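Please open the model in your viewer and keep the sequence panel beside it, since each stop on this tour begins with a selection.

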Amino acid sequence: MDIARIRAQFPALDHGVAHFDGPGGSQTPRRVADAVAATLTAGLANRGTVTEAERRAEAVTLGARAAMADLLGADPGGIVFGRSMTQITFDVARTFAQAWGPGDEVVVTRLDHDANIRPWVIAAERAGATVRWLDFDPATAELGDVGTVLSDRTRMVAVTAASNLFGTRPDVPAIARAAHDAGALVYVDAVHLAAHSPVDMAELGADLLACSPYKFFGPHLGALAASPALLETLRPDKLLPSSDAVPERFELGTLPYEMLAGVTAAVDFIADLASSDPDRRTRVTESMTAVEEHEDRLLQRLLEELGALEGVRLHGSPARRTPTVLFDVDGHTGREVYEHLATRGVNAPASHFYAIEASRHAGLGDAGAVRAGIAPYTCDEDVNRLVSAVSELLSSGS
Ligand SMILES: Cc1ncc(COP(=O)(O)O)c(C=O)c1O
């Protein structure tokens, strides 16, 4: 990957800040912003076939479904867009729960972001179903054995493909196999993973997979991928005159067409990062493989150099992980570290980052810790700055 060429496409990086806050939302390439603005100003109406403005909305919508399908190895006819992954997951959980009752079981994990926990817990409680919790080892941040929480009454297993707190990448294909053997469906939160790795729904064994384009260079919205056949079996709440077709059945109100144009531009941006294959799905996979290699090299540097500083405590040591590092500095609250780093032009916030169950289970309470997330635009100089700002704090003794 040509990092200088990639960085030049992000106007926000001109400000000179080292952005380790990517897990909260990536920076945006000019191409994505231009696509949003161009769609808004080109002449736009509701989807239709009569006027050019209607046809543009139609093309933008179908284009974004095709782009997300290429990103995730999914069927474009099963791509649902929504306000956020959180909103989509609440809606989907409520819809599945129509068929649940006492005795049915739902599995959630303590490693997950709350957006893949609370919607299932609330839906299960309302339906009288039982929630079974899969724990993780607080020292390593590795998930336990899903077999211990499965039964022939398990209806759904909700699991993250990567923890936004520790970076843990659970063995989702193995979890999905066990869940399917028990007769359950699998809902995968790929919000954090999709920014760091190629994603293939079939390989993961996901029946439904959710992600958020704003984590991978796109606009702020959420997307769900599932097979159209599965979506056909579900009856979400909807307005009487709105389309009952799949996937429109799940999309409440008018879609944000300009943002959808941004989604397509983001996927095209990813596809072009490190490949020139004629097929976009192949380009995406090759480019995300290159991203993974680049980020992994910087991750190893960061782990070694932060780990070598006396007084830095790294949290979690998962065997397979995204380039997401959670740490504390002795003698300072996470908030103090976060604020000190900000004065040095290094953005790395401290929080539980909504993985509140994970933060509590790891003994970090509701304060969480400092998170440094590496992104495709992160460079060696960014890592140097982060490490030297932390070591400066340690040597100041204040
Ligand atoms: C792993 C993970 N899942 C879910 C979410 C929620 O996504 P959204 O903001 O689209 O609701 C986030 C956001 O930080 C996340 O990191």
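Begin by selecting R249 together with L231: in this predicted model, a polar atom of the R249 side chain lies 3.4 Å from the backbone oxygen of L231. R249 sits in the loop between helix 8 (228-232) and helix 9, and, with a relative accessible area of 4%, R249 is buried. If you show what surrounds R249, leaving out residues up to four places away in sequence, you will find that R249 touches L231, E232, L234, R235, P236, K238, S243 and D244.

Stay in this loop and select V246 and P247, which are joined by a cis peptide bond with an omega of about 10 degrees; P247, too, is placed in the loop between helix 8 and helix 9.

Next, select helix 9 itself, residues 257-271, and colour the nonpolar residues. Which residues have the most contacts inside the largest nonpolar core? They are M68, L72, F81 and L209, in a core of 79 residues, and helix 9 gives the most to this core, with 10 residues. A second core, separate from that one, has 31 residues and includes V92, W120, V121 and L208. As a general point, nonpolar side chains in soluble globular proteins tend to be buried together.

Now centre the view on F81 and display its contacts beyond four places in sequence: these are A64, R65, M68, I88, L221, G222, A223, E251, L255, L260 and V263.

From there, move to strand 7, residues 208-211, and look at each side in turn. Both faces are covered, with L208 and A210 buried on one side and L209 and C211 buried on the other. Strand 7 pairs with strand 6 (residues 185-189) in the parallel sense over 3 bridges, and V188 stands opposite L209 in strand 7. Strand 7 also pairs with strand 8 (residues 222-226), here in the antiparallel sense over 4 bridges, with L208 standing opposite A226 in strand 8.

In the loop between strand 7 and strand 8, select F217. F217 is not a glycine, yet it has a positive phi of about 80 degrees, and F217 is buried, with a relative accessible area of 4%.

The next selection is helix 5, residues 118-127, whose buried residues are P119, W120, V121, A123, A124 and A127. To see what they pack against, add helix 4 (85-97), strand 3 (105-109), strand 4 (130-134), strand 5 (154-160) and strand 6 to the view. Just after helix 5, G128 takes a positive phi of about 80 degrees.

Now turn to the ligand and show its surroundings, which consist of S84, M85, T86, H113, A115, N164, D189, V191, H192, S212, Y214 and K215. Three distances can be checked here. An oxygen atom of the ligand is 2.8 Å from a polar backbone atom of M85; an oxygen atom of the ligand is 2.5 Å from an N or O atom in the T86 side chain; and a polar side-chain atom of Y214 lies 2.5 Å from an oxygen atom of the ligand. Taken alone, the ligand exposes 390 Å², of which the protein buries 90%.

Then select G167, in the loop between strand 5 and helix 6 (172-181). Is G167 buried or exposed? G167 has a relative accessible area of 0% and is therefore buried. Apart from neighbours within four places in sequence, G167 is in contact with R320, R321, T322 and T324. Adding P318 to the selection shows a pair lying 151 residues apart along the chain, with the C-alpha atoms of G167 and P318 separated by 7.5 Å.

For the last stop, display the open sheet of 4 strands, which has the order 9-10-13-12 and antiparallel pairing. Its edge strands are strand 9 (312-315) and strand 12 (350-351), each of which pairs on one side only. Strand 12 is joined to strand 13 (residues 369-373) by 2 bridges, and these strands run antiparallel; the bridge partner of S351 in strand 13 is A369.

Finally, follow the chain into the loop between strand 12 and helix 12 (356-361) and select F353. Although F353 is not a glycine, it has a positive phi of about 55 degrees, and at 12% relative accessibility F353 counts as buried.

Definitions and conventions:
Residues numbered from 1 in each chain as written. Predicted model: local features only at pLDDT ≥ 70, side-chain atom pairs only at ≥ 80, totals over all residues. Heavy atoms only, no water. Core = buried A, V, L, I, M, F, W, Y, C linked by side-chain atoms within 4.5 Å. Buried < 20%, exposed > 50% of the residue type's maximum accessible area, 1.4 Å probe, protein only. Contact = heavy atoms within 4.5 Å. Pairing = 2+ DSSP bridges. Near = heavy atom within 4 Å. Polar contact = N/O pair within 3.5 Å; in protein donor to acceptor, adjacent residues only side chain to side chain. Areas by Shrake-Rupley, 256 points an atom, 1.4 Å probe, with all protein chains shown as cover.
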